[in-house]
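Thanks for coming, everyone. Let me put the structure up, and then we will walk through it.

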2 protein chains.
Amino acid sequence: MCMGRFLLMIPGPSLTDPETMLEMAKPTLSHVSAEFDSIHREALDMLKKVFGTSGDVVVIPGSGTAAIELAVRTSVRPGERVVVLKAGYFADYLADAAKRVGAEVTVVEAPVGRGFTEDDVERVLSQRGFSAVLLQHVETSVAVANPVDRVARKAKEFGAKVVVDGIASIGGMEMNMDSWGVDVCLTGSQKALAVPPGLAIVAYRGGFTPLVDNETLYFNITKLLKEMESTRNYYITPAVNLIYALNSSLKKILAEGLQQRYRRHEALAKAVQRGLEALGLRLVAEEGFRANTVTAAYVPEGVEWAKLYSEMHSRGVEIAGGLGFLRGRIFRIGHMGEVTANDVVATLAALERVLAKLGYRVEFGASVRAAQQVLDVYGV
Amino acid sequence: MCMGRFLLMIPGPSLTDPETMLEMAKPTLSHVSAEFDSIHREALDMLKKVFGTSGDVVVIPGSGTAAIELAVRTSVRPGERVVVLKAGYFADYLADAAKRVGAEVTVVEAPVGRGFTEDDVERVLSQRGFSAVLLQHVETSVAVANPVDRVARKAKEFGAKVVVDGIASIGGMEMNMDSWGVDVCLTGSQKALAVPPGLAIVAYRGGFTPLVDNETLYFNITKLLKEMESTRNYYITPAVNLIYALNSSLKKILAEGLQQRYRRHEALAKAVQRGLEALGLRLVAEEGFRANTVTAAYVPEGVEWAKLYSEMHSRGVEIAGGLGFLRGRIFRIGHMGEVTANDVVATLAALERVLAKLGYRVEFGASVRAAQQVLDVYGV
């Protein structure tokens with residue numbers, strides 16, 4: 001497998017620090033040893049800072065989908081009336097999880113490219129009593145970000161629980177569960193936390209007690225919380241080497257400084273957005289709903305997605321396509337975690353060459369120039 | 001974290017090849033790229049050989065417990081009468097999983113140290129109609145192995161499905177699902193497959209159709225089987241870097257040769273068993289039910305488990321204790337995966353020094369001598 005210095009510019013798994021990767025190659029410790037427990041606990045404590053919670057954080061081997069299931073099972077009761085705010089493809093995962101625990105699920109859909117404001121939430125919650133609001137922080141499929149702070153505060157006015165899928169945001173965009181009133185927030189390791197895939201992470205707001213109504217063998221929150229207290233309370237075997245990587249990456253994240261990191265993500269996002277627009281491309285997400293971790297744009301008329309992908313690929317840049325009904329119609333660039341301004345500039349430049357080759361009219365340097373202006377303002 | 005050249009002699013996670021570890025440090029490929037799909041498919045094909053099946057194999061991010069849940073959800077229907085053959089602690093995981101899908105579960109318990117013969121199975125299945133038999137291949141908690149080949153053949157005479165937890169056996173002890181009639185067999189990455197923890201693996205016998213009755217968001221076998229066909233059929237993000245390690249380790253396993261590998265495990269097991277007995281220690285598993293991947297012995301009178309552990313630990317050897325009611329009463333040595341004769345000899349020697357220090361009467365070299373005689377016979 002030849003991978004070389006490929007630029008993995010997809011919205012997760014994301015580019016990682018080589019040091020993080022080497023952490024994984026360290027010898028596997030016993031999962032119940034004092035040494036590993038200390039590494040594990042340190043990672044959990046750092047995660048609490050990233051989530052902005054004084055509550056519990058649970059990390060288990062799993063994909064983001066496992067985190068969604070654990071989060072929903074521990075926050076939604078059978079028969080409960082809940083609403084899923086759907087901005088794209090991944091909202092269906094939340095809805096599916098809620099239906100499967102027996103909740104009465106209403107899905108409210110936003111037009112493509114839009115998220116939900118507090119006014120939308122007010123409208124939805126005024127119409128009908130919902131005891132929980134479920135939504136994505138960043139809906140990766142369309143690169144739409146919801147203003148979770150305002151959504152959560154509004155939902156709280158109605159006494160509704162707030163469950164947030166932060167898979168494509170945590171570590172790259174601000175989250176303050178305790179002060180915003182986000183009761184449950186979940187993520188995966190492979191996005192803005194800049195760790196390879198394989199860890200499902202669920203955080204609870206301080207004071208929020210996870211529900212035990214829907215436990216399964218694997219998603220047994222009672223046992224998992226005990227194991228999080230100490231890995232000596234063995235229930236399932238943690239992904240030891242991925243926890244090393246998580247611990248290492250979280251140290252880098254906190255050393256960079258959360259606010260500084262969020263600002264860097266904002267800079268890269270705006271650089272990519274301005275860059276794509278300078279090429280005359282249309283962004284999928286509307287102004288005001290654009291994520292700082294991923295950008296989606298429509299594949300221009302006359303260009304084929306498959307060719308766009310393979311030409312970028314052959315230039316050492318991996319980008320992502322659309323999901324569901326947007327397959328073939330949009331492309332997505334991830335710029336989260338350890339992605340740098342250098343990666344972003346190189347990606348835009350490659351895109352210019354590729355689009356030109358595919359017959360799309362490009363002024364070489366146009367997107368890079370636009371991006372440079374943003375990066376300069378941010379001092380990145 | 002100081003780990004050095006520690007001997008991880010616990011029954012999983014097990015010692016791994018440093019090359020396998022370095023595989024994990026390779027750059028993360030896009031999970032939907034052709035490059036990764038090929039690595040992934042190759043790993044699945046190799047797993048089929050290890051399981052001895054022409055059926056499907058599913059690998060997802062998860063611990064062994066996730067594999068148990070997926071296996072049981074796809075093999076046991078609500079209301080079905082099933083029997084769990086309990087030889088120790090981990091049988092409760094199988095029983096719990098089956099109960100949670102609504103099966104009517106009977107647990108038949110063997111005395112500590114014993115497993116189940118075909119006669120036991122005949123007796124159990126004659127008494128009452130059970131549509132499925134669930135059991136561990138190796139019950140790690142007591143180092144007991146069940147003769148799964150004979151158990152499965154007997155169960156088949158009664159038309160019962162056979163679900164086997166092979167977490168502590170697959171890759172170290174023979175499994176031939178197709179010819180033995182094992183319908184579903186599960187394992188984890190971190191045992192005899194010699195990969196770090198984080199992958200849950202479930203294999204189906206050729207011709208066996210996984211049930212879709214108990215799907216959850218994560219354990220959605222319909223979607224997972226499609227993703228196994230090609231990772232381009234994205235449903236959940238695979239643990240890309242762990243799959244690299246799995247692929248690499250499976251290549252080593254097949255290069256060693258399955259029969260050769262099983263024989264090596266047998267040699268190491270007998271060496272440890274003879275070694276411990278030469279020190280006057282009592283093994284937990286009875287002759288005829290001893291696993292080739294792990295050995296358990298009673299902590300001798302006058303010796304404290306906590307001290308035994310810490311003295312071994314300070315000599316660079318990590319061993320495991322008892323689980324449940326055997327906590328503090330037994331200790332366990334794992335000898336699976338990439339563990340070598342050198343590791344086994346060093347472990348026995350360290351144990352001699354530790355036991356002597358703790359006041360237990362030891363003839364230095366006695367356990368090593370006994371082990372040597374076994375290793376010599378096997379030519380290891």
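A definition to begin: two strands pair if DSSP finds at least two bridges between them. Helices (H or I, at least four residues) and strands (E, at least two) are DSSP runs, numbered from the N terminus.

Housekeeping next. This is a predicted model, where local features need pLDDT of at least 70, side-chain atom pairs count only at pLDDT 80 or more, and totals for chains, interfaces and linings use all residues. Residues are numbered from 1 along each chain as its sequence is written, chains are lettered from A and ligands numbered from 1 in the order in which they are written, and side-chain values use heavy atoms, with hydrogens and water left out.

Let's start with the sheet in chain B. It is open, with 3 strands in the order E11-E14-E13, and the pairing is antiparallel. Strand E11 (294-298) and strand E13 (320-321) of chain B are the edges, as each pairs on one side only. E13(B) meets strand E14 (residues 330-334) of chain B through 2 bridges, in the antiparallel sense. Take B:Gly321: its bridge partner in E14(B) is B:Phe331. Helix H10 (residues 258-278) of chain B packs on this sheet and touches E11 and E14 of chain B. Contact here means heavy atoms within 4.5 Å. What angle does the direction of this helix make with that of E11(B)? About 10°. Axes are lines fitted to C-alpha atoms, for helices over the stretch in contact, and angles run from 0 to 180 degrees between N-to-C directions.

Chain A now. Its open sheet has 3 strands, again antiparallel, in the order E11-E14-E13. Strand E11 (294-298) and strand E13 (320-321) of chain A form the edges. E13(A) and strand E14 (residues 330-334) of chain A share 2 bridges. One pair to look at is A:Ala320 with A:Arg332 in E14(A). Helix H10 (residues 258-278) of chain A lies across E11 and E14 of chain A, at about 10° to E11(A).

How do the two chains relate? A turn of 180° and a shift of 0.0 Å along the axis lay chain B on chain A, with an RMSD of 0.0 Å. The two copies are therefore related as by a two-fold rotation axis. For the fit, copies are superposed by least squares on the C-alpha atoms of residues with pLDDT of at least 70 in both. The copies use the same surface: 100% of the contact residues of chain B recur in chain A. Which residue of chain B comes closest to the rotation axis? That is B:Gly62, with its C-alpha at 2.4 Å.

On to the empty space. The search runs on a 1 Å grid over the protein atoms alone. A cavity is a set of points where a 1.4 Å probe fits but cannot get out. A pocket is an open set with protein on both sides within 12 Å along at least five of seven lines. Lining residues have an atom within 4 Å of a point. Grid points are joined across faces, edges and corners, and a volume is the space filled by probe spheres set on the points.

How many cavities of 30 Å³ or more are there? The whole structure has 4. The largest has a volume of about 140 Å³. Its lining has 17 residues, and those nearest the centre are A:Tyr234, B:Gly64, B:Phe90, B:Ile167 and B:Lys191. Helix H3 (residues 64-73) of chain B gives the most, with 3 residues.

The second largest cavity has a volume of about 110 Å³. Its lining includes A:Gly64, A:Phe90, A:Lys191 and B:Tyr234. Here helix H3 (residues 64-73) of chain A gives the most, with 3 residues.

The largest pocket has a volume of about 760 Å³. It is lined by 32 residues, with A:Val32, A:Arg232, A:Tyr234, B:Leu323 and B:Arg327 nearest its centre. A:Tyr234 is thus one to highlight twice, as it is also among the residues nearest the centre of the largest cavity.

Last, the backbone. The peptide bond from A:Gly12 to A:Pro13 is cis, with omega near -5°. A:Pro13 sits in the loop between strand E1 (7-8) and helix H1 (18-24) of chain A. In chain B, the bond from B:Gly12 to B:Pro13 is cis, with omega near -5°. A:Ala143 is not a glycine, yet its phi is positive, about 60°. Find A:Ala143 in the loop between strand E6 (138-139) and strand E7 (144-145) of chain A.
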